[in-house]
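Here is a short report on one protein model. Keep the structure open while you read.

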Amino acid sequence: MNIFLTYCTISDKHMTSRFVKPVNAIRSGYSYIMSSILRKPFISGMPVSVSAELTNYCNLRCPECASGSEIIKRERGFMDIELYNKLISELSPYLYFINLYFQGEPMMHPQFFSFAGLNDTINTVVSTNGHFLSVENSEKLAVSHLKRLIVSLDGMDQEIYSIYRRNGDFRKVVDGIKNVASAIVRHNSPLKLEIQFLVNRHNEHQIPEAECFAKEIGARLKLKSMQIISSQDAEEWMPADRKFRRYKKSDGSYVIKSSLPDSCMRLFSNPVITWDGKVIPCCFDKDAEFVMGDLNNETFKSIWNGQRYNEFRKKILTGRNKMDICRNCTSGLRGVRY
């Protein structure tokens, strides 16, 4: 244990660049394990992944999305490229992954391709609703440093698709997916294409069609459980197949199928940066109610190791079931495909 602890606490300056990432990943995991055991924050290392919100604007009006349903309380805007550069310059030695999405449609950012192709040392992932995958944009994606593109396709015809993806154009999205698939082949691109199918009561019968389509174009299909903002809307969306239900009925209302254990790996590995530079603990804090710090006037490291962050971690480690943002969280969820 003493040898392991020494290995996990060795300073960055004594590590060559090739070992920084793996050693940091060990530190991150060790921090999570020790914090879960001790029930108090123990931080050794930096996150191994981060999510950067390029924008919280969106072209669709999906009813169970904070941005699309327009219940989001935060101001709307676009991330400044210089803010992103600051984040990357500090965290690139440690990160394995960066997700260029949170709330909103990332490809609506006027400088989207400046972000998507900025760094080739980090596995960069983008999730899109697929309405901006023109032939030209698909070509750019295929030759960028992007490692994975996730495209939402929640139905296999316009009628079913638009029940959830309101204002969406099914044919445009399908054509866009095909554009990307063709560009990947044409350029022998390492870009991985993933179709995300948000399973709900209206589209679950079309899963076999989605599987066939994904196979036909050489994409991976991910079937995802649906998050519900308001429990009163659960009956409208919950699929009949219970393995896709994130919730169970209890005392007349729907609650998460999780005991909400007093631990959460996200607090030690995957923070979120909003478009305006706020550091928040995870992707379930849609309205940035728990701001840990501001990258416009602080370093990430000072925020990550700061008192505010550790006080929040302690609340999760001693009473996660009391935190409202955890009621939709998939961490600790068992028996559900998501």
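## Leu260

Leu260 is buried, because its relative accessible area is 11% and the cut-off for buried is under 20%. This is a predicted model. Leu260 sits in the loop between strand 8 and helix 10, which covers 266-269. Its phi is near 50°. That is a positive value in a residue other than glycine. Most residues other than glycine have a negative phi.

## Asn188

Asn188 also departs from that pattern: its phi is positive, about 50°, although the residue is not a glycine. Look for Asn188 in the loop between helix 7 and strand 5 (192-198). Is Asn188 buried or exposed? Asn188 counts as exposed, because its relative accessibility is 68% and exposed means over 50%.

## The strand 7 and strand 8 hairpin

Strand 7 covers residues 247-250, and strand 8 covers residues 253-256. The two strands pair in the antiparallel sense, over 4 bridges. One pairing to find on screen is Lys248, whose bridge partner in strand 8 is Val255.

The hairpin has 2 residues between its strands. Asp251 in this hairpin takes a positive phi near 55°.

## The open sheet

An open sheet contains 9 strands. Their order is 6-5-4-3-2-1-9-10-11, and the pairing is mixed. Which strands form the edges? They are strand 6 (220-224) and strand 11, and each pairs on one side only.

Within this sheet, strand 9 (residues 272-273) pairs with strand 10 in the antiparallel sense, over 2 bridges. Val272 has Ile280 in strand 10 as its bridge partner.

At one edge, Leu223 lies in strand 6. Leu223 is buried, with a relative accessible area of 7%. Its C-alpha is 4.9 Å from that of Phe197. Leu223 and Phe197 are 26 residues apart in sequence.

## The largest nonpolar core

The largest nonpolar core has 86 residues. Which members touch the most other members? They are Leu149, Leu153 and Leu193. Helix 7 (residues 170-186) gives the most to this core, with 7 residues.

Take Leu193 as a way in. Leave aside its neighbours within four places in sequence, and Leu193 is in contact with Leu149, Val151, Ile177, Val180, Ala181, Ile184, Ile217, Ala219 and Arg220.

## Helix 5 against helix 7

Helix 5 covers residues 135-143. Its axis and that of helix 7 come within 8 Å and cross at roughly 45°. That angle makes helix 5 oblique to helix 7. The crossing is right-handed.

Several residues build this contact. Val135, Ser138, Glu139, Leu141 and Ala142 come from helix 5. They meet Gly176, Asn179, Val180, Ala183, Ile184 and Arg186 in helix 7. Val180 and Ile184 deserve a second look: both of these helix 7 residues meet helix 5, and both are in contact with Leu193.

## Phe300

Phe300 is found in helix 11, residues 300-304. How accessible is Phe300? Phe300 is buried, with a relative accessible area of 0%.

Phe300 and Glu90 are 210 residues apart in sequence. Their C-alpha atoms are 7.3 Å apart in space. Glu90 is one of the contacts of Phe300. Leaving aside neighbours within four places in sequence, the others are Met46, Pro47, Leu87, Leu91, Pro271, Ile273, Val279 and Leu295.

## Val291

Val291 lies in the loop between strand 10 (278-280) and strand 11 (293-294). Val291 is partly exposed, with a relative accessible area of 24%.

Which residues does Val291 contact, beyond its neighbours within four places in sequence? They are Lys278, Val279, Ile280 and Arg308. Val279 is in contact with Phe300 and with Val291. Ile280 is in contact with Val291 and is the bridge partner of Val272.

Glu194 gives a contrast in distance. Val291 and Glu194 are 97 residues apart along the chain, and their C-alpha atoms are separated by 31 Å.

Methods
Residues are numbered from 1 along each chain as its sequence is written. This is a predicted model: local features need pLDDT of at least 70, side-chain atom pairs count only at pLDDT 80 or more; totals for chains, interfaces and linings use all residues. Side-chain values use heavy atoms; hydrogens and water are left out. Two strands pair if DSSP finds at least two bridges between them. A nonpolar core is a set of buried Ala, Val, Leu, Ile, Met, Phe, Trp, Tyr and Cys residues joined through side-chain atoms within 4.5 Å. Buried means under 20% relative accessible area, exposed over 50%, partly exposed in between (1.4 Å probe, protein chains only). Contact means heavy atoms within 4.5 Å. Axes are lines fitted to C-alpha atoms, for helices over the stretch in contact, and angles run from 0 to 180 degrees between N-to-C directions. Angles under 35 degrees count as roughly parallel, over 145 as roughly antiparallel, 65 to 115 as roughly perpendicular and the rest as oblique. A crossing is left-handed if the near helix is turned anticlockwise from the far one by less than a right angle, and right-handed if clockwise.
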